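Colleague: Mind walking me through how the labels on this one were assigned? I'd like the reasoning behind the words.

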Amino acid sequence: MKSVSAKALLDWVDDLIRKRRVMGAQARDDRFTWGPLARAADLRLDYDVTLLPPKVFLQPPREKLLEFSRAGGYTSCVEAEPFVLLGVHPYDLAAIRQMDEVFSQDHADARYLKRREAATIVAVDVQAVSANTFAGHMGASHVETGYDILLTRIGDGYVAELATKKGEAIAGALASAADADAAAQEARREVWAQNAQRLKKHELKAAPADWPGLLRKGYEHSVWEEKAKLCFSCGSCTLTCPTCYCFDAREDVGWSLARGTRVRIWDSCMLADFAKVAGGHNFRKNKADRYRHRYYRKGQYIPEKIGGQIACVGCGRCITACVARIANPVEVFNRLAEAR
Amino acid sequence: MAKKKTSAGGTDIYLPEMATVVRSAPMTELDRFLEFRLDSGRELGHRPGQFVELSVLGVGEAPISISSSPTQAGSFQMVARQVGNVTRALHALAAGEKVGIRGPFGTEFQVDGAMKGKDLLFICGGIGLAPVRSAINYVMDRRADYGKVTILFGARTPAERLFTEETRRWAAAPGVTYQETVDRGDEGWTGNVGVITTLMPRLAVDPGRTVAVICGPPVMYKFVLLELRKLKISDANVYVSLERHMKCGVGKCGHCQVNGIYVCQKGPVFRYSDVAEVREAI
């Protein structure tokens, strides 16, 4: 583990930008987004939460799957240029690790996995707490694996843990920085302990481990209908969710009609037509059925696929994004935990 | 990150391989019979009940059941009902034209498992006959391996019946009972009129040695299952093929989910006793 000054860290970032494609968290008005980083001064390691999670780089909102032509049939497209993801918060990293599992199991998704391989992830411990986070309840306020480098703000500087070969490959000047002393290491543990408490802006009364059980007996609970009544079926909660990954595929045909592409785009189980089949039958035509499905995916269906991990990391983005104010998982699971 | 072996040696699970239409013929106003051969020359290698993702160049991709039996080598067949962009485009394809194929995907009717040696009861509504035909012809080609075969087929009108020549052959085969009904008859129709369940009370089945297979429109299952209960056939001896939009076919896109179950992986064929408590299933 290394200790660096804030200035030295910025110098390292500027150096990195000269050598690599770097995506970083940046300010846009009073909020934060991910994008290509032009200079270290634009990087905001003190952001609270980004509008969209870093899944935008691993499963892009729109991605070319295939090219086709009348004459030549279909050919695969894989877009996976090496890049550095700079400033990933622990809860988003927890989500990425879940997506790694989802996309590698059974039929492995080569496009996701190649991009994942192409990504070097520099995580940063949370400095500013966002308004709706409950990552502290979800065990995702800090992580101890999964990153290539982890940065933690300690006083005026940072400690940097170079955790993997990929991390060392981009370490540059960080590698020769002074080793972090025992006090700095202790300070990092203290940051983790504090963040576990600070990242609790909503009070969860149902332990995540109890979510599958609550759902098993909560299928007919009145909360689904009550909340869904106000739902606009807009899909904002799923689009901003770091563990949502459902998609659609569409044909994009050139005007010669002789060639085109098949693209994969984000989809959402909250949209009205998601479970519709050809012929018009909709297997989840009621808003309450769709609303409930989303929470079952978070608390039961995806956990069953990925060894019990709850598919909610407490980032709180859905809470912020939902204009109807019905998307707070804490409220839903607290309700399920109450006596009816 | 998790290191797992990729399927098929890391090949692209979303890349179709090319196939050629070798036969295309109208069946009903909405349905068209299509036969394909893979351009690589390899067999599709499917099992009865499985489906493929079929691409029409420039239009898109749709999941379609395979209707031919794997006992018929060299090509494979489908019935395309004109209900969406892809099937509409499929209807316009002539012999010699190209399509893309991914698959086969999904689970099979248990023709070499639970159904072997048993009396079989096939209950098909409308285009539900298409996937079940794969199992029926498999059984016909290995007739000695199975007991009595009963096939019930329901269509909306006489003109919407499928595979009318083939069903006549089935009806004439030894040890096979074939019955059909239509929701609405016409001037020339002298056969049964009524929904498919009206054929069931008269059935003589030995519930102890019968395996039933159901495939049809979503509304049909509940009523057929009730009649099967009356015939004392246990839920464990009933197989259902469930329709959903299996968009990716590989358990990722989410569209086909029935509660926590990806139909493209755990289905489309389910043992009814395995899904009887799954609320979104039927």
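Modeller: It's a predicted model. Look at β11(B): B:T210, B:A212 and B:I214 point one way, while B:V211, B:V213 and B:C215 point the other way.

Colleague: Why do the side chains go to opposite sides?

Modeller: Because in a regular strand the side chains alternate between the two faces of the sheet.

Colleague: And what makes β11(B) "mostly covered"?

Modeller: A residue is called buried if 20 or more other C-beta atoms lie within 10 Å of its own. In β11(B), residues 210-215, 6 of the 6 residues are buried, so the strand meets that cut-off along its run.

Colleague: How do you know that β11(B) pairs with β7(B) and with β12(B)?

Modeller: Pairing takes at least two DSSP bridges. There are 6 bridges between β7(B), residues 119-125, and β11(B), and 3 between β11(B) and β12(B), residues 238-241; both counts therefore satisfy the rule. Each pair runs parallel. B:A212 sits opposite B:L121 on one side of the pairing and opposite B:V238 in β12(B).

Colleague: Why is the link from β11(B) to β12(B) called right-handed?

Modeller: The chain goes from β11(B) through helix α4(B), residues 220-230, to β12(B). With the strands pointing away from the viewer, a clockwise path over the helix earns that name, so this β-α-β crossover counts as right-handed.

Colleague: What are the domains of chain B?

Modeller: Domain 1 covers 10-105 and domain 2 covers 119-241. Their centres, over C-alpha atoms, are 25 Å apart. The contact takes 14 residues from domain 1 and 13 from domain 2.

How values were computed
Residues are numbered from 1 along each chain as its sequence is written. Chains are lettered from A and ligands numbered from 1 in the order in which they are written. This is a predicted model: local features need pLDDT of at least 70, side-chain atom pairs count only at pLDDT 80 or more; totals for chains, interfaces and linings use all residues. A residue is buried if 20 or more other C-beta atoms lie within 10 Å of its own, exposed if 12 or fewer, and partly exposed in between; C-beta atoms are placed from the backbone. Helices (H or I, at least four residues) and strands (E, at least two) are DSSP runs, numbered from the N terminus. Domain bounds come from an automatic or database domain assignment. Two residues are in contact if their C-beta atoms, placed from the backbone, lie within 7 Å.
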